[in-house]
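The following exercises concern the arrangement of helices and strands in a protein structure. Study the structure first, then attempt each task before reading its solution.

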Amino acid sequence: MDSPAPSADLPAAPPPTAPPKRTGKPSFMEDMIVTAFGFATSTGVAWLSWWMAAHWDFAIYTWMFWFVVPMGAVGCGFAAATGYWLGARLFNHRPSKWMLFNIVLVSFTTFFAIHHFHYTNDQVMGRPLSSLMSYEDYLVEVTENMTYKSSRGGSNTPGTPLGKLGWGVAALQVIGFSVGGFVVHGMLLGVPYCGRCSKYLSQKKTKVARWKEPEMWRSAFDEVAGLMQQGQLQAAIDKHATLGEDRRTHVNSMLTLLLRKCPDCEARRLVLTARRTNGNQLDVVASASVNTEEPLHMT
Ligand SMILES: [Zn+2]
């Protein structure tokens, strides 16, 4: 039920030299450890969000784009999601589907944490908020009296209170905050993983061939990808090393060869990616990849 995405995984069949098999499936404990990291960074971000609101009068968490896109919460969520990334990579845990549930749960917690920091620290006319009302009342108060101001910060113009709509805005903030976690979850599933050793293929080497002409990658890609398809992987690496022009500027096409290796065994993944300029950005136009146990050398 919680099998990792097969695309990035290596074949599970162990060769004769393989170390003893360990479980490659994410366990409940692993999820909890990764969640704990995400929870820690989320609480840190919640504290920072309150601190900025209290000291700089800038509640970044509440910043909306086009009134409905919770960009501030999304930004905070990305900062908080570094914890999931860190925890997963440090302990070589693959996040499961349950992880997504945890991410939403932590996002809810963070919403309440931010308000709790305000509740316990803010004052109204010299009196601490916590002495004036209960936390529940404060939550209702702050949500239903949420306003949209024409400008943030020192502006004194009162905005329009949102009333019950404030709960919708709060929901948008929670959703926005969880986006970062979802993206990190997807990124982690995209990192190739050695199911045999339960490790991310963390050792990597990259080589890039560059050209001025935007279409120069085409024949080069066919040549290198062809060698990869025939299983001549070292030849593909050597061929790629001879390609490209010696330039750093006016680069309009690139062919990148990425070699990843499991830190504990001979599992490798070779990925060839062709990129071409499109306006101001480089678009991926073609890619090829192969998994292998063969020893490969890239200088
Ligand atoms: Zn391995």
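Three exercises with worked solutions follow, all based on a predicted model.

**Exercise 1. The packing of α1 and α3**

Task: Determine how helix α1 is oriented relative to helix α3, and describe the contact of α1 with α3 by residue class.

Solution:
- Step 1. Locate the helices: α1 comprises residues 28-56 and α3 comprises residues 97-121.
- Step 2. Consider the geometry. The two helices pack at an angle of about 30 degrees, and their axes are 9 Å apart.
- Step 3. Apply the cut-off. Angles under 35 degrees count as roughly parallel, and α1 is therefore roughly parallel to α3.
- Step 4. State the handedness: α1 and α3 cross in a right-handed manner.
- Step 5. Identify the residues. The contact includes V34, F39 and W50 of α1, together with W98, I103 and F117 of α3.
- Step 6. Sort the contact by class: 13 residues are nonpolar, nine are polar and one is charged.

**Exercise 2. The packing of α1 and α2**

Task: Establish the relative orientation of α1 and α2, and the make-up of their contact.

Solution:
- Step 1. Helix α2 spans residues 71-90, and it packs with α1 at an angle of about 150 degrees. The axes of α1 and α2 lie 7 Å apart.
- Step 2. Angles over 145 degrees count as roughly antiparallel; α1 and α2 are therefore roughly antiparallel to each other.
- Step 3. The crossing of α1 with α2 is right-handed.
- Step 4. Among the contributors to this contact are I33, F37 and V45 of α1, and C76, Y84 and L86 of α2.
- Step 5. By class, the contact of α1 with α2 contains 13 nonpolar, seven polar and no charged residues.

**Exercise 3. The sheet and the helix across it**

Task: Describe the open sheet formed by four strands, and state how helix α6 is placed on it.

Solution:
- Step 1. Give the strand order. The order is β7-β8-β9-β10, with antiparallel pairing.
- Step 2. Find the edges. Strands β7 (203-211) and β10 (281-292) are the edge strands, each of which pairs on one side only.
- Step 3. Describe the twist, which averages 15 degrees from one strand to the next.
- Step 4. Examine one pair. β7 is joined to β8 (residues 253-261) by nine bridges, and V208 stands opposite T256 in β8.
- Step 5. Place the helix. Helix α6 (residues 217-229) lies across β7, β8, β9 (268-278) and β10, and runs at about 170 degrees to β9.

Definitions and conventions. Residues numbered from 1 in each chain as written. Predicted model: local features only at pLDDT ≥ 70, side-chain atom pairs only at ≥ 80, totals over all residues. Pairing = 2+ DSSP bridges. Axes fitted to C-alpha atoms, helices over the stretch in contact; angles between N-to-C directions. Contact = placed C-beta atoms within 7 Å. Parallel < 35°, antiparallel > 145°, perpendicular 65-115°, else oblique. Left-handed = near helix turned anticlockwise from the far one by under 90°. Nonpolar A, V, L, I, M, F, W, Y, C, P; charged D, E, K, R; others polar.
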